[in-house]
Amino acid sequence: FPGGLYPIHPTAIEILGHKAYRSLRELPTPPELAVILVRPDLVPGALTDCAELRVPAVVVITAGFGETGEEGKRLEQSMARQLREAGGRMIGPNCAGLFSATGRVNVLGWGVPAGPIAVLSQSGNMALTFVQLAREKGLGMSKLITVGNAADLRIPEYLEYLQADPDTRVIVAYLEGFEAGEGRAIWELMRRLPNPKPVVVL
């Protein structure tokens with residue numbers, strides 16, 4: 001990634017050759033993307049910092065929210081609402097990250113071959129499986145998005161974005177379930193597009 005990279009750590013001075021900062025508030029400029037991998041109890045505070053600094057995009061990899069029960073769902077909805085009210089959007093929580101070939105962004109923790117296929121996955125493990133298969137078969141991905149609990153951005157929004165993405169020719173979606181109305185929203189999206197890209201849903 002050619003832009004600035006700012007590791008946040010409470011005690012480290014440097015991480016992998018990059019100066020480390022104790023909090024988002026110490027950064028020289030607000031980031032375009034914040035990736036959160038801290039204990040669940042520290043995530044709300046990190047999201048508050050992102051909202052107050054008006055960070056436009058946040059990926060929450062930390063688990064321990066909506067998948068744990070009703071209280072976890074309420075908490076992740078509160079975090080998403082706080083961020084949206086400040087003009088930001090959230091991927092996750094409980095996700096594996098994302099990859100964009102043209103954006104030169106990879107916060108997944110594993111290498112992804114570039115190509116014309118976009119992959120949307122509700123499972124981090126299945127996303128990794130798709131990457132391994134792509135390598136074996138000489139294929140590549142334009143985008144790879146793991147949605148996790150999808151507390152904010154939801155499947156229909158991702159699909160609409162990928163349909164408009166000039167670097168994507170076909171979309172593969174691994175979906176374990178829909179929220180109420182999401183299946184219909186996807187169907188209506190495909191019907192209203194004049195020339196929809198193929199969407200393969202597993």
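A nonpolar core is a set of buried Ala, Val, Leu, Ile, Met, Phe, Trp, Tyr and Cys residues joined through side-chain atoms within 4.5 Å. Welcome to this predicted model, where the largest such core has 20 residues. The tour below begins with that core and then visits an aromatic pair, a pocket, a buried threonine and some unusual backbone spots.

**Nonpolar cores**

- In the largest nonpolar core, the residues that touch the most other members are Ile-36, Leu-47, Cys-50 and Val-58.
- Strand 3, helix 1 (43-52), strand 4 (57-60) and helix 2 (70-85) are the elements that each give this core two or more residues.
- Helix 1 provides the largest share, with five residues.
- Another core, of 19 residues, lies apart from this one, and its members include Ala-118, Leu-153, Tyr-158 and Ala-173.
- Val-58 is a good residue to click on: beyond its neighbours within four places in sequence, Val-58 contacts Leu-33, Ala-34, Ile-36, Leu-47, Cys-50, Leu-83, Arg-89, Met-90 and Ile-91.

**The aromatic pair**

- The structure holds one aromatic pair, formed by Tyr-6 and Tyr-21.
- The two rings meet edge-to-face, with 5.9 Å from centre to centre and 75° between their planes.
- Tyr-6 sits in the segment before strand 1 (14-15) and Tyr-21 in the loop between strand 2 (18-19) and strand 3 (33-36), so the pair ties together parts that are 15 residues apart in sequence.
- Tyr-6 is partly exposed, at 30% relative accessibility, whereas Tyr-21 is buried, with a relative accessible area of 11%.
- Leaving out residues up to four places away in sequence, Tyr-21 touches Tyr-6, Pro-7, Ile-8, His-9, Glu-26, Leu-27 and Pro-28.
- Pro-10 is 11 residues from Tyr-21 along the chain, and 7.4 Å separates their C-alpha atoms.

**The second largest pocket**

- The second largest pocket holds about 330 Å³ of space.
- Its lining consists of 15 residues, and those nearest the centre are Gly-148, Asn-149, Ala-150, Arg-154 and Glu-179.
- Sorted by class, the lining has six charged, six polar and three nonpolar residues.

**A buried threonine**

- Thr-168 is found in the loop between helix 4 (155-164) and strand 10 (170-174).
- With a relative accessible area of 3%, Thr-168 is buried, because buried means under 20%.
- Not counting neighbours within four places in sequence, the contacts of Thr-168 are Pro-116, Ala-118, Ser-142, Lys-143, Leu-162 and Lys-197.
- The C-alpha atoms of Thr-168 and Glu-85 are 30 Å apart, with their positions 83 residues apart along the chain counted as sequence separation.

**Backbone spots to look for**

- Most residues other than glycine have a negative phi, and most peptide bonds are trans.
- The peptide bond that joins Gly-92 and Pro-93 is cis, with omega at about -5°.
- Pro-93 belongs to the loop between strand 5 (89-91) and strand 6 (98-100).
- Asn-94 is in the loop between strand 5 and strand 6 too, and its phi is positive, near 60°.
- Asn-94 counts as partly exposed, at 30% relative accessibility.
- Arg-54, in the loop between helix 1 and strand 4, also has a positive phi, of about 55°.
- Arg-54 is exposed, with a relative accessible area of 56%.

Notes
Residues numbered from 1 in each chain as written. Predicted model: local features only at pLDDT ≥ 70, side-chain atom pairs only at ≥ 80, totals over all residues. Heavy atoms only, no water. 1 Å grid on protein atoms, 1.4 Å probe; cavity = no way out; pocket = protein on both sides within 12 Å on 5 of 7 lines; lining within 4 Å. Points joined across faces, edges and corners; volume = space filled by probe spheres on them. Nonpolar A, V, L, I, M, F, W, Y, C, P; charged D, E, K, R; others polar. Phe/Tyr/Trp six-rings, centres within 6.5 Å; stacked < 30°, edge-to-face > 60°. Helix = DSSP H or I, 4+ residues; strand = E, 2+ residues; numbered from the N terminus. Buried < 20%, exposed > 50% of the residue type's maximum accessible area, 1.4 Å probe, protein only. Contact = heavy atoms within 4.5 Å.
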